[in-house]
Amino acid sequence: MSTTAKISWVDGALLVAEGGSGHTITMDGAPDIGGRNLASRPMEVLLMGMGGCTAIDVVSMLKKQRQDIEGVEVSLVAERAEDHPKVYTSVKLVYTVRGRKLNKALVERAVSLSDEKYCSATAMVKKTADVTHEIVLVEI
C-alpha cells in the first residue's frame, strides 16, 4: 500500500502540500529561515497528524463500544532534540473525552489499543520519542 504527497515551494519558506487524496495544506517555515508565519510548521503538521491518527482510532472504538461520547480532544505537547536532526524526543498526549456514563476502562482500552497497535503515526514517532498519555473524562 503506497501513499503519495507532493510539496510545492511558493515563496520564501511557504509550501503547499497535496496528498494523494487531492487535499492540500499550507506550511511555512519559521521567520529565522525565511518564513513569514503564514501557516503551520512542517513539524507541527507531523504532530497534528499523530493527534488526528489516534483521535480517529479512539472515536471509532468508543462508538463501536456504544459509548455516549459528545466530544474527543487530543492535546499534544512535544519536546525536540537540540541538535540536528531535531527529532521529537518526547510526546505527551492528553485525551479529553466528554460524554454520558462513560466507562473509564473502555476509554483506557481504546487509548491503549491506538497507542500500542493501530496508530501508524504514533508507531513512527515512538522510534525517536518517549510517548506518554493521560485521559481526562468529562461527564455531561
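A residue counts as partly exposed when its relative accessible area lies between the buried class, under 20%, and the exposed class, over 50%. In this predicted model, I25 has a relative accessible area of 40% and is therefore partly exposed.

**Overall architecture**

The secondary structure of the chain consists of 3 helices and 6 strands. Along the sequence these elements follow the pattern β-β-β-α-β-β-α-α-β. Taken along the principal axes, the C-alpha atoms fill a box of roughly 50 × 35 × 35 Å. The chain has 140 residues, of which 26% count as buried.

**The sheet of strands 1 to 3**

An open sheet is formed by 3 strands in the order 1-2-3, with antiparallel pairing. Strand 1 (5-11) and strand 3 are the edge strands, each pairing on one side only. From one strand to the next, the twist averages 20°.

Strand 1 and strand 2 run antiparallel and are joined by 6 bridges. One of the partnerships links D11 with L14 in strand 2. The hairpin of these two strands has 2 residues between the strands, and G12 takes a positive phi near 55° there. Strand 2 is also joined to strand 3, again in the antiparallel sense, by 4 bridges. Here L15 has M27 in strand 3 as its bridge partner.

I25 belongs to strand 3. Its C-alpha atom is 9.3 Å from that of V45, although 20 residues separate I25 and V45 in sequence.

**Pairings of strands 4 to 6**

Strand 4 (residues 68-80) and strand 5 (residues 88-100) run antiparallel and share 12 bridges. Within this pairing, E73 stands opposite T96 of strand 5. Strand 5 also pairs with strand 6 (residues 130-139), in this case in the parallel sense, over 10 bridges. V91 has V131 in strand 6 as its bridge partner.

The strand pairings are set out below.

| Strand pair | Sense | Bridges |
|---|---|---|
| Strand 1 and strand 2 | antiparallel | 6 bridges |
| Strand 2 and strand 3 | antiparallel | 4 bridges |
| Strand 4 and strand 5 | antiparallel | 12 bridges |
| Strand 5 and strand 6 | parallel | 10 bridges |

As a general point on such pairings, the side chains of a regular strand alternate between the two faces of the sheet.

**Pockets**

The largest pocket contains about 290 Å³ of space. It is lined by 13 residues, and those closest to its centre are A5, E18, G19, H23 and I25. Strand 2 (14-19) and strand 3 (24-27) are the elements that give two or more residues to this lining. By residue class, the lining of the largest pocket comprises 5 nonpolar, 7 polar and 1 charged. I25 thus appears both in strand 3 and among the residues closest to the centre of the largest pocket.

The second largest pocket has a volume of about 190 Å³. Its lining includes G29, A30 and I33, then R41, P42, M43, E44 and L47, and further along the chain R80, H84, K86 and Y88. Helix 1 (residues 42-64) supplies 4 residues, the largest share of this lining. The lining of the second largest pocket divides into 6 nonpolar, 2 polar and 4 charged residues.

**Helix 1 and the cysteines**

G51 is placed in helix 1. Its relative accessibility is 8%, which falls under the 20% limit, so G51 counts as buried. In sequence, G51 and D32 are 19 residues apart, and their C-alpha atoms are separated by 27 Å.

The structure holds 0 disulfides. Among the cysteines, C119 has a relative accessible area of 3% and is therefore buried. C53, by contrast, has 21% relative accessibility and so counts as partly exposed. The value for C53 is over the 20% limit that bounds the buried class.

Key
Residues are numbered from 1 along each chain as its sequence is written. This is a predicted model: local features need pLDDT of at least 70, side-chain atom pairs count only at pLDDT 80 or more; totals for chains, interfaces and linings use all residues. Side-chain values use heavy atoms; hydrogens and water are left out. On a 1 Å grid over the protein atoms alone, a cavity is a set of points where a 1.4 Å probe fits but cannot get out, and a pocket is an open set with protein on both sides within 12 Å along at least five of seven lines; lining residues have an atom within 4 Å of a point. Grid points are joined across faces, edges and corners, and a volume is the space filled by probe spheres set on the points. Ala, Val, Leu, Ile, Met, Phe, Trp, Tyr, Cys and Pro count as nonpolar, Asp, Glu, Lys and Arg as charged, and the others, Gly among them, as polar. Two strands pair if DSSP finds at least two bridges between them. Axes are lines fitted to C-alpha atoms, for helices over the stretch in contact, and angles run from 0 to 180 degrees between N-to-C directions. A disulfide is a pair of cysteine sulfur atoms within 2.5 Å. Buried means under 20% relative accessible area, exposed over 50%, partly exposed in between (1.4 Å probe, protein chains only).
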